[in-house]
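Dear colleague,

Please find the structure below, together with its sequence. A summary of what was found in it follows.

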Amino acid sequence: MLFVCTCQKKAVILHTNYYAVVRHWQIYGLVLAIIGVVATPVRAQYVGSGSSVFTFMDLPVSARLNSLGGTNVSIRDGELSMAMCNPALLGAMTDKVLQLNFSYYLPGTMFGSVLYGHNFGRSKIERPLSGIGEPDKPNYFAVGIHYLDYGRMSYADDRGNLTGGTFTAKDILIDLMYARQLGEMFSIGATLKPVYSIYESYSSFALGADVGAHFQLRDSTLQIGLALQNIGWQLKGFYSEEGGQKTEMLPLNLQLGLNYRFKHAPIRLSMTIHNMQQWNLGYEHTNVGISELTGEQESTDIKWYDMMFRHTIFAVDIVPKSERFYLTLSYNHRRRAELNLADQRSLAGFAIGAGVRIYKFRLAFAMSQATKSNFSYQVGLSLDINSMLK
């Protein structure tokens with residue numbers, strides 16, 4: 001009798017596990033199919049740099065992202081702001097985490113964000129945790145609000161003469177993120193992104209979305225991420241033209257990233273490939289100089305190897321096993337190529353950041369340089385509400 005009951009119990013467990021695995025792979029296949037369908041017409045829709053609106057969505061929203069070169073879709077370590085690049089980076093460690101970020105780019109501007117993560121549901125598969133394991137709450141959710149205020153500006157005529165009065169310009173972005181664990185090594189996610197901008201008397205509204213996937217080994221030494229960001233268009237344009245509203249697409253960005261953390265050294269190497277949907281990231285030059293040596297017009301063509309590196313961001317982290325602090329240095333070649341001035345020395349393209357965990361708080365700081373006299377500073381504070389309630 002005991003043998004029969006044991007066999008029946010094992011059969012029920014195997015049956016449950018079988019359908020759970022099938023369900024997980026069905027969801028995973030559906031997400032990949034959606035990414036494929038959306039990515040197919042991407043190349044035809046995206047026409048190059050400067051061809052989209054709401055480009056503030058490309059700005060790094062946190063000190064952690066700024067220190068990593070502006071974006072990263074593969075590192076999954078409990079940092080909530082990483083989900084802004086890839087929603088699949090949400091996880092068990094982002095549950096009940098409140099994060100505040102503030103950035104300083106230019107005098108008079110304010111750029112900040114507030115994020116909160118919350119997990120819900122319970123796993124139907126009861127088994128011991130192994131590696132990252134099956135989470136108790138397999139549904140990961142987060143919400144974020146980002147605000148960019150360009151400050152007050154004075155009215156002027158076409159000759160630059162002040163005419164009196166001032167106006168403001170603002171961008172607001174809301175992120176509604178959801179992710180789910182598929183087995184022990186895969187996760188997928190999606191984000192809904194309403195966007196609103198108002199510049200003086202001109203306003204616009206758009207609706208966008210992100211989809212992403214993430215894979216990591218059980219020991220987390222290797223992580224791979226894939227994300228398609230900013231899928232969507234304006235629903236209301238800034239102005240009208242013949243035939244109705246002038247609407248444009250959001251700054252679409254297909255990214256692939258991977259990182260490797262050494263087992264016996266506190267070092268993690270990361271590489272992110274961005275804007276995979278568009279090879280040419282150059283701008284049209286309207287002010288081309290004349291060479292002093294040949295007297296001919298200078299060439300503005302970008303070499304193929306230069307263009308290839310403009311798609312890549314490299315970063316190195318120093319992170320001990322305790323993960324109580326980190327130190328990051330990154331290099332973004334596109335930033336370097338576009339922001340560096342020939343007659344000035346600068347660290348354009350480089351970024352450095354650090355973070356420390358003190359009690360129930362995480363503090364982060366990052367600094368990067370655009371031009372010789374223009375530094376960008378970002379600070380972040382994360383609060384683990386779970387720890388405070390214990």
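L381 lies in strand 16. Please bear in mind that the model is predicted. With a relative accessibility of 31%, L381 counts as partly exposed, because the partly exposed class runs between 20% and 50%. Beyond its neighbours within four places in sequence, L381 is in contact with L98, Q99, L100, F361, R362 and L363. L381 and S62 stand 319 residues apart in sequence, yet their C-alpha atoms are 9.5 Å apart in space.

The structure holds one cavity of 30 Å³ or more, and the volume of the largest cavity is about 280 Å³. Its lining comprises 22 residues, of which D77, E79, E323, Y326 and R362 are the closest to the centre. Among the elements that give two or more residues to this lining are helix 3 (63-67), strand 1 (97-104) and strand 16 (374-384). By character, the lining residues divide into eight nonpolar, six polar and eight charged.

The salt bridges number 11 in total. One of them joins R64 to D77, with the closest N and O atoms 3.8 Å apart. R64 belongs to helix 3 and D77 to the loop between helix 3 and strand 1, so this pair ties together parts that are 13 residues apart in sequence. Both R64 and D77 are buried, and a network of salt bridges links these two residues with R268 and D317.

A further salt bridge is formed by the side chains of D95 and K96, at 3.9 Å from N to O. D95 counts as buried at 7% relative accessibility, as does K96 at 17%.

Yours sincerely

Note on methods: Residues numbered from 1 in each chain as written. Predicted model: local features only at pLDDT ≥ 70, side-chain atom pairs only at ≥ 80, totals over all residues. Heavy atoms only, no water. 1 Å grid on protein atoms, 1.4 Å probe; cavity = no way out; pocket = protein on both sides within 12 Å on 5 of 7 lines; lining within 4 Å. Points joined across faces, edges and corners; volume = space filled by probe spheres on them. Helix = DSSP H or I, 4+ residues; strand = E, 2+ residues; numbered from the N terminus. Nonpolar A, V, L, I, M, F, W, Y, C, P; charged D, E, K, R; others polar. Buried < 20%, exposed > 50% of the residue type's maximum accessible area, 1.4 Å probe, protein only. Contact = heavy atoms within 4.5 Å. Salt bridge = Lys/Arg side-chain N within 4 Å of Asp/Glu carboxyl O.
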